[in-house]
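Work through these exercises with the structure open beside you. Try each task before you read its solution.

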Amino acid sequence: MSDDDAALTPAQEELLGLWLAEEVPGVRPGPERHVPPRNRAEAALADIWAEALEVPRVGVADDYFALGGDSVLAIVVVARAAEAGLDVSVRDLFEARTIAGLSLTDDRLRTTPSPVTAADGPSATAPSAAAADVDLPLTPLQEGILFHSLTSGRQRDGYLVQAHCLVTGPVDLPLLRRAWEAVLAAEPALRTAFRLSGPEGPRRWIAPVATLPWTEKDWRDHDVRAALAEHLRRDRAAGFDLEHPPLSRVAVFREARDRHRIVWTHHHLVLDGWSQQIVLRAVLDHYAGLAGAVSGSPEQPLATNDPGLEAPTVPPAVPSADEEAHWRGLLAGARPTLLVPDRNDAGEPQSPGRAVATDVWPTGLVTAVEAFAADTGVTVATVLTGCWGLVAAARTGAEEAVFGLTVSGRTPAEAGVAERVGMFVNTLATRVTAKGPSTEAWLRTLQRRLSESRRHSGTPLSRAVRWSGHDRLFDSLLVVENFPTWLAPGTRVAGLVVDDIDVVLDEGYPVVVEVAMYGGLAVRLRHDTSAVPPTVAHEILGEMCACVEQMVTGAVRTPGELRTAVVGRRADARDRAAHVRRAKARDLLAAVRRHPVRGDEPGGTG
C-alpha cells in the first residue's frame, strides 16, 4: 500500500476520531487527529470548554474527563452554555463526554446576548437593591448549620470561618478599607443576618446597609506567630450575633513596614468557599481600581446587586415524590457509620480542641490518579469519594459506609451562577458499598449515583436522614475543594503580593476530610482532638493515600479487595504499635533491673 493510499481524508480523520472517542473509554484523539467543530453551536461550546478547562483548543471528539474535567468545572461549563442558549445538563456532559456526543445544532444557539454573563463579574448583575430589608427562607445547609449552632449552645462561635493571609508591599490601608466597604455594599450575602423566631420559624434577611467592623493594630514589637494564635482564639470566642449584620469583620495587623497580616472572619451561614473566592477577588480588584484612580486612572464604581437575584434557590417546603423516593431508595437498609461511636451528640460543633493533619500527595501519584480517572471515565472527585467510603467502612468493620459529601449546590442552568455570592453548598448523604466486579465499573456506577443525588441537592440533610429511619446516620464529612480559585499564594495585585494563605473552619463533625485539588493535591483531616487523637488522624490519612495508590496502580482490582487491604494495613499498624510498646516495656524493665529502686536495694526499707 502506497503512502497516498495510507493517508486519510479530513472526513475519514473526523470519523476515526469519533470512533476512538466512543469505543475506548478515556481515550481521545491526539493533536494530530484534532476534529474541529462542525457548526456554530459546537464552536461555542468548544470555546467554553477551552476556557473552563484551560486548554488551547478543544475538538468535538475530545473527551471531557481526559481534558481534566470534573464535576465543579462541569457547573461552570453548563452555566456558560446556558448563557449561550445551549441546553446541556451536567448529566448530558458526563454521559456523552464529547461535544460530538451532545449532537448540538445551531437552532439551539442564542443569537442575542444573555442579560447576565460570567464576564459581568459578581458586582454587575442587577440594578440597585431595594431600600427595605429583604426577608427570605433558609437554604438547606443554613437550616442545618443554624440548628446545630442553636442546639449546641455555640450560637455565637460555631461555624466561624477565619481566612488570613500576609500582604507584602506598600498597601494603602484607607483604600483597602474602602474596597472592602464597597464590596459589602454591593453583595447582599455580606449583609445577611437571621431572625431566629417568628411565625414561620427562622428566616434570613438582608439589610439594605451595614457597617463593616474594621480593626488595625501594630504588631511590629510582637511575636507574630503567638499574636496571631491569640487573635484567632479571641476572635472565635467573640463570635457573631446572628441577628445583627454583617456577620463579617476584618482585622489588619502591621508586622513590618511593608508587611501586613489580614484576617477576614465571617460566618459560614452566609458564604460558601466558592463565594469566598469571589469576594476576595472583588475586594482586590476594586482596591486595584482605587489605587489606579489615585494614580490618574478613572475609578470603576461597583454596582449593587439585587438581593432577590443573588439569593440561592431554596427548595419547596413540601418535597416531591421523586425526591423522597430517591433518598429513601438510596438509604434503605443503611446502618449508621460512626467513626466516633461513643460521642453522645448529633454532630454539633465540638469543643475548641480542633486540629488539622495534612498529607500532600506526591506529584507522581496525583498524575496517576488523574490518568486513572480519565481512563475510567470518572472525575477525580469520584475516585476520592469511593476511597473515603472504603476507608470509613474498614474503620467501622462494615462492608459499606455512609457519610456526608459537600456539593456546590449551584444550579448550572441559572444565569451567572458561577459568579454568584451566597451560601449555595449543601451536604448530601452518600453511601458507598464495597461491592463490584472491578474498581473501574464500581466507580462508574458510583458516579452515576452521585449524579442522581445531585439532582436532589436541594434536599435538607435533616430531611434525608429522617427518611433513612435513623436519628444519627454518620459523623464524617468529605469536602472536595475543586471550586475555581483566584486568590492563591503569590497572587500580585496593584504592587502587592498575597502569600501565607490559611483558612480556619469548624464544620461541626468530629472528622472532616478536606481535599484541596488546586496547585497539586493535599488531603487535610480536621478533627476533634477529644475524639480523634493526632496519631489516629495521621493513620486515617495514610489509609486514604494507600487506598488510592493501590486502586490507580492496579495492585488491587475490586472494591472488596481494596477494603480488605485497608483492614490489613490497619492490622499491620496495630501490630507495629504493639511491638514498639513491648520493646519499650522490655527496655524499661531492663533499666529497672540494672538500677533497682531504693526499696529493693540491699539494706533498704522495702
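The exercises below concern a predicted model.

**Exercise 1. Helix length**

Task: Check whether the end-to-end distance of helix α3 agrees with its number of residues.

Solution:
- Take the residues: α3 covers residues 40–53, which makes 14 residues.
- Apply the rise: the expected span is 1.5 Å times one less than the number of residues. For α3 this gives 20 Å.
- Compare: the end C-alpha atoms of α3 are 20 Å apart, so the two values agree.

**Exercise 2. The surroundings of α3**

Task: Find how many residues of α3 are buried, then look at both ends of the helix.

Solution:
- Use the cut-off: buried means under 20% relative accessible area.
- Count: 10 of the 14 residues in α3 are buried, and the helix is mostly covered.
- Name some: the buried residues include Leu45, Ile48, Trp49 and Leu53. Glu42 is also among them.
- Go to the start: a side-chain oxygen of Asn39 comes to within 3.1 Å of the backbone nitrogen of Ala41. Ala41 is itself one of the buried residues.
- Go past the end: Glu54 follows α3, and its phi is positive, near 55 degrees.

**Exercise 3. A sheet of 3 strands**

Task: Work out the strand order of the open sheet that holds β1, β3 and β4.

Solution:
- Read the order: it is β1-β4-β3, and the pairing is antiparallel.
- Find the edges: β1 (134–136) and β3 (192–195) each pair on one side only.
- Add the twist: neighbouring strands of this sheet are turned by 30 degrees against each other on average, direction ignored.
- Look at one pair: β3 and β4 (residues 203–206) are joined over 4 bridges.
- Pick a facing pair: Arg195 stands opposite Arg203 in β4.

**Exercise 4. Backbone details**

Task: Locate a cis peptide bond, then place Ala494 and Asp500, two non-glycine residues with positive phi.

Solution:
- Start with the peptide bond: Pro245 and Pro246 are joined in cis, with omega about 0 degrees.
- Place Pro246: it lies in the loop between α8 (224–238) and β6 (248–256).
- Turn to Ala494: its phi is near 50 degrees. Ala494 sits in the loop between β12 (491–493) and β13 (496–505).
- Turn to Asp500: its phi is about 50 degrees. Asp500 is in strand β13.
- Classify both: partly exposed lies between 20% and 50% relative accessible area. Ala494 has 43%, so it is partly exposed. Asp500 has 42%, so it is partly exposed.

Conventions: Residues numbered from 1 in each chain as written. Predicted model: local features only at pLDDT ≥ 70, side-chain atom pairs only at ≥ 80, totals over all residues. Heavy atoms only, no water. Helix = DSSP H or I, 4+ residues; strand = E, 2+ residues; numbered from the N terminus. Buried < 20%, exposed > 50% of the residue type's maximum accessible area, 1.4 Å probe, protein only. Polar contact = N/O pair within 3.5 Å; in protein donor to acceptor, adjacent residues only side chain to side chain. Pairing = 2+ DSSP bridges. Axes fitted to C-alpha atoms, helices over the stretch in contact; angles between N-to-C directions.
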